[in-house]
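Subject: Handing over a structure, with notes

Dear colleague,

I am passing on to you the structure below, together with my notes on it. Please have it open while you read, since the notes go through it from the whole chain down to single residues.

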Amino acid sequence: MKAILLILITVAFISQISAQYPPVPDFYHDYDEMVAKIHQWQTDYPDVVMVELIGYSQEDEIPIYAAKVSNNVNTKEDKPRILVIGSLHAEEILGNEIVMYHMEEILDRRFQLPYRRWLNELELWFVPNLNPEGLQVVMDDLDPTYRKNKRDNNENGIFDFVYGMGQDIDGVDLNRNFPFNWGHGDTLYHPTGTEPFDYYRGPYPASESETQAIMAMAEEHRFVYSIIWHSSRSGLFSEKVYFPFSWGEERPTPDFYLSQSIGQGVAAQIRKYNSSLFYENLPSTGRNGNADDWFYQAYGTIQLLIEAGTSNLQPQNFDHMMSIVNECKKGQTWLFNRALNGFLDSSPMLTGHVTDAVTGEPLAAEIIVEEHQADYFAPRMSDDEYGRYWRPLQAGLYTVTARKRGYEVLTHNNVAVNNSGWRVRNFSLQPLPETNFTGTILLE
């Protein structure tokens, strides 16, 4: 009798959990479907789609792919580059759908405006999903609430997870694993709140292969703008656009008002689900190794963290899902348009080339906008292929300096940046003669 009672209680408990967390419907793309589709697009549109293997997942070594969409796609051209990541948290699958459906729309309408200009004038990079091993946990219905990758934290050779939110000893939260402010993130055994272990930062900064893959992409392409799609399981952060950053709401970045204007431009395009209101626009305020702050600190990329949809992370109705996807595509469209020269009424950008004044060769030099400089920045560099730099700004007057070891420092004062289009200011740097010197160093 006790055994029968135990079975009935167990069945009732499982039924209760299943009702709370229903399985993911078939109309969502799983990992294999996304990979197959982007490779098929590469076959169908070889001039505008290129698929690139950028790394492997941490534990299961599942390939991670990026798809570049641009004219002359096999050439790295002198164009602004934009990165979009569908998701890095396993359960937040709406972002995967936004990426896949927007890519399909771009390809279907590639001869129309503004899509034609995007292909001609931009390099768009899409990573449909950065956490394939975590995604498989969700899509295989092992746990529809799973968040992290599958790093074997206790090294017992077993994937230690608990159905439902929290208690998953294995795995690392990829959006706590980036180096900038990593030290403020959660340690593994940090059982606070109702979701212990779910926000583990990893054993050291950039410990995860997924993080390393996207950091390598950032180093190679130095994106001007980026979006990473998220969804809020609690609903407290739903339907919001976050830009970098104002720590504790007291320490804003030097580009705060620029980033705020870009976030607002995106948010004003996305209508909340079943509402006449639009997404809210807020600065990120935490310091815990997240991607958007790291991208900004390391490369000056204005990266937006967008919480798509409501607390219903995985809508069970196709029309419900597509209504969110179609709204979110509008925000992404606005950002792509802002990267074009003069397409919007207000899309100011400072840009130009840095070259050797004697040889005319392009130079990778540090570009400093004095009014928007901070000591925690990594150097903002022109690229070594073209000597090109890109600096989104608001309209105004700026002091701009180019410097490189072995060359004279060159500063342009009162550089006027207007709303109507790009302001081009080139730098031709004079090489310094080599100098030998000797001396004596005396201590004490």
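What follows is a description of the chain as a whole, then of its cores, and then of a number of individual residues.

Please keep in mind throughout that this is a predicted model.

The chain as a whole

The secondary structure of the protein chain consists of nine helices and 17 strands. Its radius of gyration is 24 Å, which is close to the 22 Å that the globule rule gives for 444 residues, so the chain is as compact as a globular protein of that length. Measured out along the principal axes, the C-alpha trace spans about 95 × 70 × 40 Å.

Of the 444 residues, 55% count as buried, and the accessible surface of the chain comes to about 19,600 Å², with 51% of that area belonging to carbon and sulfur atoms. If one takes the contacts with a separation of 6 or more, 72% of them are between residues that are 24 or more positions apart. As for charge, there are 34 positive and 60 negative side chains in the protein chain, and the centres of these two sets lie 6 Å apart.

The nonpolar cores

In soluble globular proteins, nonpolar side chains tend to be buried together. In this model the largest nonpolar core has 100 residues, and V127, I214 and W229 are those with the most contacts inside it. Leaving out residues up to four places away in sequence, V127 touches I54, I64, Y65, A66, L83, V84, I85, G86, I214 and M217. Apart from this core lies another, of 16 residues, which includes L350, I367, Y398 and V400.

Buried residues in strands and a helix

E123 is found in strand β4, which covers residues 123-127, and it is buried, with a relative accessible area of 0%. Beyond the residues up to four places away in sequence, E123 touches K68, V69, S70, T75, K76, E77, K79, P80, R81 and I82. The last of these, I82, is 41 residues from E123 in sequence, while the C-alpha atoms of the two are 6.4 Å apart in space.

E97, which lies in helix α3, is likewise buried, with a relative accessible area of 0%. Its contacts, again not counting residues up to four places away in sequence, are F27, Y28, H29, M321 and V325. The C-alpha atoms of E97 and I324 are separated by 9.6 Å, although their positions lie 227 residues apart along the chain when counted as a separation.

V417 has its place in strand β15, residues 410-417, and at 2% relative accessibility V417 counts as buried. Leaving aside its neighbours within four places in sequence, V417 is in contact with P348, M349, L350, L393, Q394, A395, G396, Y398 and R423; two of these contacts, L350 and Y398, are also among the residues of the 16-residue core. By contrast with the pairs above, V417 and E327 are 90 residues apart along the chain and their C-alpha atoms are separated by 31 Å.

Residues in loops

D78 is placed in the loop between β2 (63-69) and β3 (81-85), where it is partly exposed, with a relative accessible area of 25%. Not counting residues up to four places away in sequence, D78 touches H353, Y386, R388 and W390. D78 and D44, which are 34 residues apart in sequence, are 25 Å apart in space, C-alpha to C-alpha.

A cis peptide bond joins L113 and P114, with omega at about 0°, and P114 is found in the loop between α3 (94-108) and α4 (115-121).

Finally, two residues in the loop between α5 and α6 may be worth a look for their backbone. D141, found in that loop, has a positive phi of about 60° although it is not a glycine, and D141 is partly exposed, with a relative accessible area of 34%. Q167, which has its place in the loop between α5 and α6 as well, has a positive phi of about 75° and is not a glycine either; the relative accessible area of Q167 is 40%, which makes it partly exposed.

With kind regards

Methods
Residues are numbered from 1 along each chain as its sequence is written. This is a predicted model: local features need pLDDT of at least 70, side-chain atom pairs count only at pLDDT 80 or more; totals for chains, interfaces and linings use all residues. Side-chain values use heavy atoms; hydrogens and water are left out. Helices (H or I, at least four residues) and strands (E, at least two) are DSSP runs, numbered from the N terminus. The radius of gyration is taken over C-alpha atoms; the globule rule is 2.2 Å times the number of residues to the power 0.38. Buried means under 20% relative accessible area, exposed over 50%, partly exposed in between (1.4 Å probe, protein chains only). Contact means heavy atoms within 4.5 Å. Accessible areas come from the Shrake-Rupley method with a 1.4 Å probe; for residues, only the protein chains shown count as cover. Lys and Arg count as positive and Asp and Glu as negative; His and the chain ends are not counted. The place of a charge is taken as NZ of Lys, CZ of Arg, CG of Asp or CD of Glu. A nonpolar core is a set of buried Ala, Val, Leu, Ile, Met, Phe, Trp, Tyr and Cys residues joined through side-chain atoms within 4.5 Å.
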